[in-house]
Amino acid sequence: MPVPIPRQRAIPAVESGQAQAESRCDGPAEQSATDASAAAPRTPDTAGSITDKVETNTAHTNLTLLLIEDDPAGSPIVPDMLDQAGKPIRVRTARNLTEAGRLLTDDVHCILLDLALPAPGRSDSDDELAVLKHVLELAPRHAVLALTASGDAERGAEAVRVGAQDYLFRDELDGRLLSRAIRYAVERKRSESAERRLAEGRLRAQENRRLERGLLPTPLLDGSPLRFAARYRPGRSRALLGGDFYDVVRTPDGTVHAMIGDVCGHGPDEAALGVELRIAWRALTLAGLCGDQLLGTLQQVLEHERADDEIFATLCTVDIAPDGRRAGLCLAGHPSPLLARPGRPARLLPYDNNGPALGLLPGARWPRMQVELGAEWSLMLYTDGLIEGHVGEGRERLGQEGMTQMVRRQIAQGLRGEELLRAAVNEVRELNGGELTDDVAVLLLDRVP
């Protein structure tokens, strides 16, 4: 049987009903943004699964201690305690783990556990820290202080190794010591939780970066004289991949196929769908499909993979003949590419036969237009994120005409390849007065004899 805690200037333990009533009068708990969605109040029947809501701002909220101790006298007490602001530390008492589960509401900051308390379903010959392990499972977000017999420092140290924030000896307790121990345990638990979330966040970010980099395409242009450059800027904050997608492959007959597309929206679901469409396009292209047949099959993929019937995707495909002098162009609700040739101003390719976006009209058709490129040229494919940014503080947008004039000027300044794309995206961002809200993808193919 546990040794009773010395009676000093004592505060009677708060009864469960009164304690829960008092908990509603506390100040608001401090939560991180990721935990805000879990802010619904706990009810006693859910006491077995504690959330992150226990991480409270202790500088502005009265501390609440849950004492778990089997006291035969029926009147467990602890010394009178004050927090660092001089406010009394409130106490609740549970005589077993079942009662502790009912009293373990979200306003409890710290648990003082008597290690001599028997764990449910275990005999004395079982693990001597079984009761602590049970409490740690019951309250993974709470600070825990282990209470053990005097001189049993080894058991106390083992309790800290298992997961308690500190250990105390029963017959050495006084109000000042216990108050300090509670404050220390609460702040240490908060620090441990913050470090854990930071480590988990870093790990998730690393995994996301590896995943998203792996999903970006590697152009297959071996054997082609064409030069390739691309620029990508997702609209999602801190993301590497958005709803825009692109790809370039060379088929065995020497034809170079290029594609760029845009799934409506710019969240993770749209990014995933864009990747599926890109992979499907590459597989179908390498299998020999092009033009209307290819786009019709991609529409079937979109219709089967999208989460909502209102989701659609725009697409531009170009197949450049092996001699590099002409190309076939298909547009599915997408802006027309920009063609630049020496001695001539850059211009948009025709878009009179622009077909509908994928996913809008069942049984739609997408005519393939023949385009003459010439001996030396640069062909720029882009998504609407490049042309829909604002110009200055007004509501005017850059548009295709503004983008064409911008690229003409940059080419006249001698910019080519990667430098041209970097300058174009940076200038669009500057004209917008800051980061663009939509995804931006631009790719450039150059033929220099």
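**Helices and sheet: a short presentation**

The crossing of helices α6 and α7 is right-handed. I begin there, and I should say at once that the structure before us is a predicted model.

Let us look at this pair of helices. Helix α6 covers residues 268-286, and helix α7 covers residues 291-305. Their axes come within 10 Å and cross at roughly 145 degrees. Which residues of α6 meet α7? On the α6 side they are Leu273, Glu276, Leu277, Ala280, Trp281, Leu284 and Thr285. Their counterparts in α7 are Leu294, Thr297, Leu298, Val301, Leu302 and Glu305. Sorted by class, this contact has nine nonpolar, two polar and two charged residues.

I stay with α6 for a moment. This helix has 19 residues, and from its first C-alpha to its last it reaches 27 Å, close to the 27 Å expected at 1.5 Å a residue. The buried residues of α6 include Leu273, Leu277, Ala280, Trp281, Leu284 and Thr285, and each of these six also appears in the contact with α7. Charged side chains are found on the buried list as well, among them Glu270, Arg278 and Arg282. After α6 comes Gly288, with a positive phi near 105 degrees.

I now turn to the sheet. Five strands form an open sheet, and their order is β8-β17-β16-β13-β14, with antiparallel pairing. Why does one side of β8 and of β14 lack a neighbour in the sheet? These two strands stand at the edges and each has a single partner strand, so one side of each is left free of a neighbour there. On average, neighbouring strands of this sheet are turned by 15 degrees against each other, direction ignored.

Within the sheet, β13 (residues 338-341) pairs with β16 (residues 377-382) in the antiparallel sense, over three bridges. One position to find on the screen is Ala340, whose bridge partner in β16 is Ser378.

Two helices lie across these strands. Helix α8, residues 399-412, lies across β13, β14 and β16, and runs at about 150 degrees to β14. Helix α9, residues 417-432, lies across β8, β16 and β17, and runs at about 25 degrees to β8.

Finally, I consider another strand pair. Strand β12 (residues 326-332) and β15 pair in the antiparallel sense over four bridges, and Leu329 has Met369 in β15 as its bridge partner. Which side chains of β15 are buried? Met369 and Val371 point to one face and are buried, whereas Gln370 and Glu372 point to the other face and are not.

Thank you for your attention.

Key
Residues are numbered from 1 along each chain as its sequence is written. This is a predicted model: local features need pLDDT of at least 70, side-chain atom pairs count only at pLDDT 80 or more; totals for chains, interfaces and linings use all residues. Side-chain values use heavy atoms; hydrogens and water are left out. Two strands pair if DSSP finds at least two bridges between them. Axes are lines fitted to C-alpha atoms, for helices over the stretch in contact, and angles run from 0 to 180 degrees between N-to-C directions. Contact means heavy atoms within 4.5 Å. A crossing is left-handed if the near helix is turned anticlockwise from the far one by less than a right angle, and right-handed if clockwise. The expected span of a helix is 1.5 Å times one less than its number of residues. Buried means under 20% relative accessible area, exposed over 50%, partly exposed in between (1.4 Å probe, protein chains only).
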